[in-house]
Amino acid sequence: MRQVTTSDLLLLQTRVIASLILREARATFGTSAFGYVWAIITPTVSVGLLVFIFSIIDRQPPFGASLALFFATGILTLQFFNELSGKLMTVFDANRALLTYPIIKDVDTLIARALLIGATYALIMVVFYTALVVLGLAQFPAHPEHIISAFLATWLLGLGFGSLNTIIFSLWDTWAQIEKILTRPLFFISGVFYVPSQLPPQAREVLQWNPTLHLVEWFRHGFYANYNSSILEFWYPISIGAGMFLLGLTGERLFRKTRF
């Protein structure tokens with residue numbers, strides 16, 4: 001009888017997660033391609049509406065020549081984080097029946113949904129930013145490697161907060177409403193409408209504790225050749241995301257028998 005190796009176990013877990021991703025995709029977008037297209041249209045409309053409103057009042061971009069690019073770097077980054085943090089909250093409850101199978105672990109369902117959301121937003125950002133370049137509303141990114149790094153850091157931060165939200169929600173379902181209230185101010189304190197470095201020192205000292213602000217600054221650093229942020233710290237959102245994810249994994253193990 002052949003001994004089961006580590007590679008066999010990794011291959012099995014990869015197949016489990018891949019199957020869960022397909023299941024999540026069908027549940028989220030349906031069986032037609034329109035569901036996936038709609039996921040791209042929604043953030044496009046959000047950014048387009050803001051650009052339209054500020055164009056009417058003759059608002060100039062706080063940085064650069066493109067109002068659409070400046071807002072997109074803020075809105076899409078924040079939407080990506082919120083989507084992960086919010087949608088991961090219900091992953092255990094949605095997959096409760098599947099978790100009765102020994103082969104499927106709680107963390108598998110969490111990672112599968114996070115990967116699906118990450119792949120969706122990767123496509124959204126590629127399509128949206130490519131459209132801006134084609135339409136002449138943006139230049140080719142000055143530092144593409146920083147955009148990729150900022151995207152991965154946003155995914156990690158969303159995964160970290162989402163995993164912690166998952167555990168809290170499984171123990172206390174009222175947390176879903178509380179979390180929405182707590183995250184609502186992020187739209188105003190994450191640099192979506194302004195350049196944080198241009199704020200007074202007192203305001204910067206407070207806002208720099210917000211990890212999503214660093215992610216927005218990171219994306220802008222990747223797109224603009226001369227975007228010099230006095231706030232951006234690359235390690236900060238990464239360390240917060242990793243710490244939150246480890247805390248979520250610890251909570252999953254501690255409360256595994258008492259969650260449901």
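**Figure 1. Helix 10 and its buried residues.** Pro 211, Thr 212, Leu 213, His 214, Leu 215, Val 216, Glu 217, Trp 218, Phe 219, Arg 220, Gly 222 and Phe 223 are the buried residues of helix 10 in this predicted model. That makes helix 10 a mostly covered element, with 12 of its 13 residues buried. Who does the covering? The list includes helix 3, helix 5, helix 6, helix 8 (186–189), helix 9 (201–207) and helix 11. As for length, the 13 residues of helix 10 should span 18 Å at 1.5 Å a residue, and the 19 Å between its end C-alpha atoms agrees with that.

**Figure 2. Where the predictor is sure of itself, and where less so.** Averaged over the chain, pLDDT comes to 86, and 94% of the residues score at least 70. Confidence peaks in helix 10 (residues 211–223), at a mean of 96, and is lowest in helix 2 (residues 33–56), where the mean is 73.

**Figure 3. The two sides of helix 11.** Helix 11 runs over residues 235–254, and its 20 residues reach 28 Å from first C-alpha to last, close to the expected 28 Å. Its buried residues are Tyr 236, Pro 237, Gly 241, Phe 245, Gly 248, Gly 251 and Glu 252. They cover an arc of only 155° around the axis, so they sit on the same side of helix 11. On the face turned away from that buried side you'll find the exposed residues Trp 235, Leu 246, Arg 253 and Leu 254. Cover for the buried residues of helix 11 comes from elements including helix 4 (91–94), helix 5 (106–134), helix 6 (144–171) and helix 10.

**Figure 4. The cavity that helix 11 helps to line.** How many cavities of 30 Å³ or more turn up in a search of the whole structure? Just 1. About 40 Å³ of space lies in this largest cavity. Its lining is made of Phe 92, Val 107, Leu 110, Ser 163, Ile 167, Gly 248, Leu 249 and Glu 252. Helix 5, helix 6 and helix 11 each put in at least two lining residues, and helix 11 gives the most, with 3. Two names carry over from the previous view: Gly 248 and Glu 252 are among the buried residues of helix 11 and also belong to the cavity lining.

**Figure 5. The largest pocket.** This pocket has a volume of about 390 Å³. Its lining counts 18 residues, and those nearest the centre are Thr 28, Phe 29, Ala 39, Glu 83 and Lys 87. Which helices supply at least two lining residues each? Helix 1 (6–29), helix 2, helix 3 (67–87) and helix 5 do. Keep in mind that helix 2 is where confidence in the chain is lowest.

**Figure 6. Helix 5 and the glycine after it.** With 29 residues, helix 5 should span 42 Å at 1.5 Å a residue; its end C-alpha atoms are 43 Å apart, which agrees. Following helix 5 comes Gly 136, with a positive phi near 80°. Helix 5 also shows up in other views: among the elements covering the buried residues of helix 10, and in the lining of the largest pocket.

**Figure 7. Gly 64, between helix 2 and helix 3.** Gly 64 belongs to the loop joining helix 2 and helix 3. Is this glycine buried or exposed? Neither, quite: Gly 64 is partly exposed, at a relative accessible area of 45%. Its C-alpha atom is separated by 8.9 Å from that of Tyr 227, although the two residues are 163 residues apart along the chain.

Key
Residues numbered from 1 in each chain as written. Predicted model: local features only at pLDDT ≥ 70, side-chain atom pairs only at ≥ 80, totals over all residues. Heavy atoms only, no water. pLDDT = per-residue confidence, 0-100. Helix = DSSP H or I, 4+ residues; strand = E, 2+ residues; numbered from the N terminus. Expected span 1.5 Å × (residues − 1). Buried < 20%, exposed > 50% of the residue type's maximum accessible area, 1.4 Å probe, protein only. Arc of directions from axis to C-beta. Contact = heavy atoms within 4.5 Å. 1 Å grid on protein atoms, 1.4 Å probe; cavity = no way out; pocket = protein on both sides within 12 Å on 5 of 7 lines; lining within 4 Å. Points joined across faces, edges and corners; volume = space filled by probe spheres on them.
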